[in-house]
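Open your viewer and keep the selection panel handy. We will go from the whole chain to its domains, and then to single residues.

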Amino acid sequence: MSSHGAPIPMTSSACGPLAGRAEVPGDKSISHRALILGALCVGETTISGLLEGQDVLDTAKAMRAFGAEVTDLGGGNWSVQGVGVGGFAEPDGVIDCGNSGTGVRLIMGAMATSPITATFTGDASLNKRPMARVTDPLADFGAQAVGRAGGRLPMTLVGAADPVPVRYVVPVPSAQVKSAVLLAGLNAPGQTVVIEAEATRDHTERMLAGFGAQITVEDTEEARVITLTGQPELTPQRIDVPRDPSSAAFPVCAALIVPGSDVLVPGIGLNPTRAGLFTTLREMGADLTFENERVEGGEPVADLRARFSPDLKGIEVPPARAASMIDEYPVLSVVAAFATGDTVMRGVKELRVKESDRIDAMATGLRANGVTVEDGPDWWTVTGLGHGNVPGGATCASHLDHRIAMSFLILGMASQNPVSVDDGGPIATSFPIFEPLMKTLGAQVERTGG
Ligand code: S3P
């Protein structure tokens with residue numbers, strides 16, 4: 001499945017109970033960071049369980065272009081021979097980050113305080129997404145960006161030859177922006193301070209500390225204040241990437257809505273800044289348990305057990321939880337269609353600037369499948385029809401967005417009629433084994449093109 005190739009139409013149909021173990025791939029956020037931080041150390045970082053999705057492979061390629069030696073050792077094991085903080089070389093060609101907002105924004109941050117110039121591009125989805133949110137703070141360090149209108153890619157970034165540290169209040173809840181500023185701060189002398197009003201995923205902070213950077217995180221009532229001391233010598237690490245909760249969401253949600261299901265999803269990272277979906281599902285009445293809870297590589301991990309849940313209820317999702325489940329709203333909206341009552345999701349403006357406008361993409365597709373959805377600039381409401389009552393039967397546009405494609409395929413697994421997506425190709429960016437894995441559990445997912 002390639003996000004750049006010909007479209008891959010796919011269809012899913014109602015199936016018998018889903019059962020078995022769903023071993024989902026490594027965490028996408030941690031995989032990007034492992035490669036980038038590995039490239040910023042002198043010496044060899046080894047990574048196991050790396051997500052070998054297209055987004056992360058594009059970041060691996062970019063790290064090579066900046067001078068790191070990145071080697072695929074097979075079986076999810078990778079090695080990175082880094083060049084050190086401030087050691088990035090100027091790439092010969094254009095850096096193509098494909099579909100990945102995380103890739104491009106973090107890499108821009110990592111190079112912004114080195115005296116080199118790089119040009120970035122991406123696919124049709126990435127080239128529509130806003131980049132000023134990172135180039136604005138990077139300009140405070142002394143970097144200069146020239147892109148298309150509205151701060152869109154393709155874009156050239158001229159790194160600061162003489163960077164100064166920055167104090168930055170992140171204006172939108174975004175771990176990508178926070179991380180870009182912290183990575184830029186690595187090669188600025190003195191202290192870079194990032195202040196976020198809402199806590200977003202904190203893998204960059206945890207991993208920077210693990211790599212030996214001096215970094216403190218202070219939580220107050222109003223904000224989280226992160227202080228990084230620049231120009232550290234990072235120490236190479238052994239990183240075991242936990243499995244991705246955002247990918248686990250798909251087999252978990254499928255099990256909740258397909259009658260008779262019982263699925264175990266082992267080894268899932270449950271960092272509190274990522275686990276909001278699971279709290280929400282339990283509040284809706286989901287039969288979802290955490291087994292064998294443990295800490296691995298500094299991150300909380302558990303085996304998730306999800307069983308068919310016949311009495312799901314719509315709820316109001318607290319806006320304060322949005323950052324911890326921002327990528328899971330599309331699949332939550334599918335579960336909400338099988339609940340009774342309204343599921344109200346507020347404070348989710350960021351969903352409009354993801355790989356697609358996710359509110360619009362899901363609302364349009366759910367309506368086409370017989371589900372009532374209302375939406376506004378930063379909210380949407382799904383009116384549940386209850387189990388067995390979702391008509392389905394429509395073909396939905398995936399808008400080059402992996403999570404939209406997978407969400408509609410989950411919808412088809414419990415709808416009265418099959419549900420199709422025009423292009424399942426983007427699934428390869430984050431969850432390349434989605435189709436075979438769901439089939440192993442008992443799902444009926446087919447490629448329906450040509
Ligand atoms: C990510 C942060 C989130 C998320 C994305 C991964 C990260 O984006 O949607 O899939 O790894 O930092 P924002 O930071 O733009 O909210």
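Here is a tour of the model, stop by stop.

This is a predicted model, in which local features need pLDDT of at least 70, side-chain atom pairs count only at pLDDT 80 or more, and totals for chains, interfaces and linings use all residues. Residues are numbered from 1 along each chain as its sequence is written, and side-chain values use heavy atoms, with hydrogens and water left out.

**The whole chain**

Start with everything selected. The C-alpha atoms of the protein chain fill a box of roughly 60 × 45 × 45 Å along the principal axes. The radius of gyration is 21 Å, which agrees with the value near 22 Å for a compact globule because the chain has 450 residues; the radius is taken over C-alpha atoms, and the globule rule is 2.2 Å times the number of residues to the power 0.38. Switch to cartoon and you will find 12 helices and 24 strands, which are DSSP runs numbered from the N terminus (helices: H or I, at least four residues; strands: E, at least two).

**Two domains**

Now colour 10–26 + 243–447 as domain 1 and 28–161 + 175–184 as domain 2; such bounds come from an automatic or database domain assignment. Their centres, taken over C-alpha atoms, are 29 Å apart. Domain 1 brings 16 residues to the contact and domain 2 brings 17, with contact meaning heavy atoms within 4.5 Å.

About 1300 Å² is buried between domain 1 and domain 2, with 49% of that area from carbon and sulfur atoms. Buried area is the accessible area (1.4 Å probe) that two parts lose on being put together, summed over both. Select Glu355, Leu400 and Thr429: these lose the most area on the domain 1 side, together 39% of what that side buries.

How many salt bridges does the rule find across the interface of domain 1 and domain 2? There are 2, a salt bridge being a side-chain nitrogen of Lys or Arg within 4 Å of a carboxyl oxygen of Asp or Glu. Show Arg133 and Glu350 as sticks to see their side chains meet in a salt bridge at 2.8 Å, N to O.

**A link between strands**

The whole structure holds 31 salt bridges. Pick Arg305 and Asp262, whose closest N and O atoms are 2.7 Å apart in one such bridge. Arg305 sits in strand S17 (residues 299–307) and Asp262 in strand S15 (residues 262–269), so the pair ties together parts 43 residues apart in sequence.

**Two backbone stops**

Zoom to Leu153 and Pro154, which are joined by a cis peptide bond with omega about -5°. Pro154 belongs to strand S9 (residues 152–158). Finish at His399, in the loop between strand S22 (395–396) and helix H11 (402–412). His399 is not a glycine, yet its phi is positive, about 50°.
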